[in-house]
Amino acid sequence: MMASPFDLRIAIIGAGMGGLGCALSLAKKGFKHISVYEAAADLGFVGAGIQMAPNMARILDRLGCWGEIEKEATNVQETSIRQGSSDTELAHVDMSGIQALYDYPHCTGHRSSLAGGLYKACQAEPAIQFHFSTALVSVDRFEPRPVFRVRKRVPKVTNGTNGANGTNGAAHGEASNEDTTVEVDILLGADGIKSATRDNMLGALGLTTEEADTGQASYRIMLSRDQMAGDEEMMRLMDSNLVVRWIGERRHIIAYPVANKTVYNLSSAQPDINFAEAPSATYTTRGSKSAMLKVYEDFCPLVQRMLNMVPEGEVCEWRLRQHRELPTWSHGSVGLLGDACHPTLPHLSQGAAMAIEDGAVLAEVLSRVTPDDQTASIRRCLKTYELLRKERTSMLVDMAYHSGRALHLGEGAAREERDRQFAAHKADGKKAIPDKWASPDVQKMIYSYDCVAETEAEFDTLYASVQ
Ligand SMILES: Cc1cc2nc3c(=O)[nH]c(=O)nc-3n(C[C@H](O)[C@H](O)[C@H](O)COP(=O)(O)OP(=O)(O)OC[C@H]3O[C@@H](n4cnc5c(N)ncnc54)[C@H](O)[C@@H]3O)c2cc1C
C-alpha cells in the first residue's frame, strides 16, 4: 500500500500542450514520478500561431510559466469581423477590458513560445523525465497497474560515412527500434487526435470511436515582418493588437500578429477537398499554392496580397477533425486528455486551453487518491475528472462547430439574420454575435471559468457518486 498519492508513478503519452501542461501541473502539485513519452524527436510541430485565452493564462500563471510566454505575446485589444470579399467590417469587438474582467489578457502567440515555455518549466522539475523519439505501441493492461509497450527509435550511427547510394543513412531516417515494456500506477494518454492510447482503451472495452466528418481543412501561414515591409496596410495589421476574421461562404481566414510582432499568422478554414478521399491516411500535407489562391480568389485584395506572399512549396494544409463524444475517457487506471478525448474545430480557439485545463484538473483529482484500495480510488478519481470536464468540453466542441457554420453561411435568409446580429452588435457593443469566439457573452462563460476552483468545490460530491 502506498502512503501518499504523490508517490504514484504516472506516465503521460505525448508532449503536446496537453501532455506538457499535465506533467507540469502534476509536478507542481507534488507528484514525484512523472514520465513523458513523445513519439517525435523533439517538441514536434510548433510552427504556427495560437490564441491564449484568459482561462489558459490563469493556469499557466499558477504553474509559473505565463510571465515568459506573455513577454512575446500580443495582448489582443480588439477584433474585427469582416466580409472576406469586400473587407467591409461586419462587427468590431472591443477587447481592451478583458484583463480587468478576467484578471488575465487574451493573447496571441507563437506555438513554439507556448510549448517552449511549458517545456522549460517542466525541465526545472526533477520529478519529470522526458523520453523523446519514443512512441506508445500498445496498452496491455489497464489495472491494477497499467502495462504498456513503447518503441524507441534509435538513429543509426553512420560516423559520417555515406551509404552506397551516396547519401547519409541517418539523414534518410534509417533507424533501429527498441521496444520496452513499462508498468506504472497511472497512464494518461495526451497523444492527440490520432491517440493510440484511446484506440487501445476503447478496443479493450469493445468500443469504437467515430470520427465526425467536419468537411473542413485549414491552411496555416506565417508571414515575416520582412516579407510584409513595404505594404502599409499590412504593416498596420502587423503593428496592431487586432485579430481579424475575414468570412465568406464555406470559408474564413483568421489573422493576428505573434512573436513580438515579427510574424503575422493566418489560419484558414475551407472545404476539405484534398483529404476527403483519404480519411485515415494523413492529416497534414504540403498544399498547392495555386489551389489555395483559387479557394480565396474572391476575397479582397489585402488577403490576396498576403496569400501571394507564401513561397511556392511552403503551403501547409491540415485536415480539421472532430470525434463524436467518446463513451468513456478512462478505463481502470488509464485516462485520456486533450485532443485524444475531445478534438475540436478551431473556431473557438479553445483546443489547447481545454487540454491544459484537463491537466490541471487531473493533478487536482489524482492528489485526492486515497491509500486504502488505491486501485479503486484511482479509477474513481479518473471518473470524477471525466464528470468535471466532459460536459464543458462537449459544449465548447459543439459551440465551435456551430460557430463555424454561422461564419460560413451562403446567401439566404440565415445569412441575412446573421448579418443583422452583427449589425446590432455594432450599434450596441455588448450584444451577442454569431462569431462565438468574439461574442462577449461566450467570452464571459469561457474566460471566467476556473477549473481548479470548480474541482475543489465539486470533487467530494462527484467522487461519492462514482464507483
Ligand atoms: C488550425 C488550428 C488552429 C488552432 N488554434 C488554436 C488556438 O488558437 N487556441 C487553442 O487553444 N487551440 C487551438 N487549436 C487546437 C489545439 O492546437 C489543439 O487542441 C491542442 O494542440 C491539443 O493538444 P494535445 O496535447 O491534446 O494534442 P497534440 O498537440 O496533438 O499533442 C499530441 C502529442 O502526442 C504525440 N504522440 C502522438 N501519438 C503518440 C504515440 N503513439 N506515442 C507517443 N507520442 C505520441 C504527438 O507527437 C504530439 O506531440 C487549433 C487547432 C488547429 C488545427
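**View 1. The shell around the ligand mixes 19 nonpolar, 13 polar and four charged residues.** Here Ala, Val, Leu, Ile, Met, Phe, Trp, Tyr, Cys and Pro count as nonpolar, Asp, Glu, Lys and Arg as charged, and the others, Gly among them, as polar. What you're looking at is a predicted model: local features need pLDDT of at least 70 and side-chain atom pairs count only at pLDDT 80 or more, while totals for chains, interfaces and linings use all residues. Residue numbers start from 1 along each chain as its sequence is written. In total, 36 residues surround the ligand, and the closest are Gly 14, Gly 16, Gly 192, Gly 338 and Gly 351. (To be near the ligand, a residue needs its C-beta atom, placed from the backbone, within 6 Å of it.) Among the elements that give two or more residues to this shell are helix 1 (17-29), strand 3 (49-52) and strand 9. Helix 11 chips in the largest share, four residues. (Helices, H or I with at least four residues, and strands, E with at least two, are DSSP runs numbered from the N terminus.)

**View 2. Strands 9, 10 and 11 line up, in that order, as an open antiparallel sheet.** Strand 9 (134-141) and strand 11 (175-183) sit at the edges with a single partner strand each, so one side of each has no neighbour in the sheet. Neighbouring strands here are turned by 20 degrees against each other on average, direction ignored. (The angles are taken between lines fitted to C-alpha atoms, and run from 0 to 180 degrees between N-to-C directions.) Six bridges link strand 9 to strand 10 (residues 147-155); two strands count as paired if DSSP finds at least two bridges between them. Look for Arg 141, which stands opposite Val 147 in strand 10.

**View 3. Helix 2 (residues 54-62) is mostly covered, with seven of its nine residues buried.** Buried means that 20 or more other C-beta atoms, placed from the backbone, lie within 10 Å of the residue's own. Pro 54, Asn 55, Met 56, Ala 57, Arg 58, Ile 59 and Leu 60 make up the buried set. Their cover includes strand 3, helix 3 (66-72) and helix 14 (440-447). Just after the helix, Gly 64 takes a positive phi of about 85 degrees.

**View 4. Strand 5 (residues 78-83) and strand 6 (residues 89-94) run antiparallel, joined by five bridges.** Thr 79 has Val 93 in strand 6 as its bridge partner. The hairpin has five residues between the strands, and in it Asp 87 takes a positive phi near 70 degrees.

Notes. Buried ≥ 20, exposed ≤ 12 C-beta atoms within 10 Å, placed from the backbone. Contact = placed C-beta atoms within 7 Å.
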